[in-house]
Amino acid sequence: MAFHIVLVEPEIPGNTGNIARTCAATGTWLHLVRPLGFEISDKYLKRAGLDYWQFVKIEYHDSFREVEQKYAGSRFFLATTKARKAYTDYVYRDGDFLVFGKETAGLSREILDAYPDTLIRIPMGPDIRSLNLSNSAAIVLYEALRQISFPGLE
């Protein structure tokens, strides 16, 4: 098993490339939900991922609903600044899905409303709207990995 990062309609190729590199380094699955705000061949995407692309376990989906259907019964944790609980308030299990929205708008209300009990936020100062997507994904993923003692990682 492994954790899964889901990016719903990511817009910035460099962020997705950075997250792909983090996924490669940790054995985490990366799920990209269309539409993407860039081409997969984008030079910034490739540069951010460096030469790790062959190590990325990646799936493409046409909708978040498709991810939910394919992985029915899985646990989904949705990152949003609107959550009441911090990402550290949950106990993660191998195989969980960590879901992040697009850089400019986050996740849709429809998606958030489907998971009211597993909305997570990263604490930050009151004058900051949000953190960078790739930083947020890494923060949450490494907490989940820490909780299960970093299996297979040195």
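How do the axes of helix 1 and helix 5 cross, and within what distance do they come? In this predicted model, the two axes come within 8 Å and cross at roughly 20 degrees. Angles under 35 degrees count as roughly parallel, so helix 1 and helix 5 are roughly parallel to each other. The crossing of helix 1 past helix 5 is right-handed. On the helix 1 side, the contact is built from Asn-15, Asn-18, Ile-19, Thr-22 and Thr-26, and helix 5 supplies Leu-133, Ser-134, Ala-137, Leu-141, Tyr-142 and Leu-145. Sorted by type, the contact residues come out as six nonpolar, five polar and no charged.

Both helices also sit against the sheet, so to speak, and that is the next thing to look at. The sheet is open and has six strands in the order 3-2-1-5-4-6, with parallel pairing. Its edges are strand 3 (57-61) and strand 6 (119-120), each of which pairs on one side only. Helix 1 (residues 13-26) packs on this sheet, where it touches strand 1 and strand 2, and its direction makes about 155 degrees with that of strand 2. Helix 5 (residues 133-147), for its part, lies across strand 1, strand 5 (97-100) and strand 6, and runs at about 160 degrees to strand 5. Strand 1 (residues 4-8) and strand 2 (residues 29-33) run parallel and are joined by five bridges; in one of the pairs, Ile-5 has Leu-30 of strand 2 as its bridge partner.

Away from the helices, Ala-86 is worth a stop. This residue is in the loop between strand 4 (76-79) and strand 5. With a relative accessibility of 8%, Ala-86 counts as buried, because the cut-off for buried is under 20%. Its C-alpha atom is separated by 5.3 Å from that of Ile-120, although the two residues are 34 residues apart along the chain. Leaving aside residues up to four places away in sequence, Ala-86 touches Arg-121 and Pro-123.

A few backbone oddities round out the picture. Arg-34 and Pro-35 are joined by a cis peptide bond, with omega at about 5 degrees; Pro-35 is in the loop between strand 2 and helix 2 (43-49). In the segment after helix 5, Ser-149 has a positive phi of about 65 degrees despite not being a glycine. Phe-150, also placed in the segment after helix 5, has a positive phi too, near 50 degrees, and is likewise a residue other than glycine. As for accessibility, Ser-149 is exposed, with a relative accessible area of 58%, whereas Phe-150, at 30%, counts as partly exposed.

Key: Residues numbered from 1 in each chain as written. Predicted model: local features only at pLDDT ≥ 70, side-chain atom pairs only at ≥ 80, totals over all residues. Heavy atoms only, no water. Pairing = 2+ DSSP bridges. Helix = DSSP H or I, 4+ residues; strand = E, 2+ residues; numbered from the N terminus. Contact = heavy atoms within 4.5 Å. Axes fitted to C-alpha atoms, helices over the stretch in contact; angles between N-to-C directions. Parallel < 35°, antiparallel > 145°, perpendicular 65-115°, else oblique. Left-handed = near helix turned anticlockwise from the far one by under 90°. Nonpolar A, V, L, I, M, F, W, Y, C, P; charged D, E, K, R; others polar. Buried < 20%, exposed > 50% of the residue type's maximum accessible area, 1.4 Å probe, protein only.
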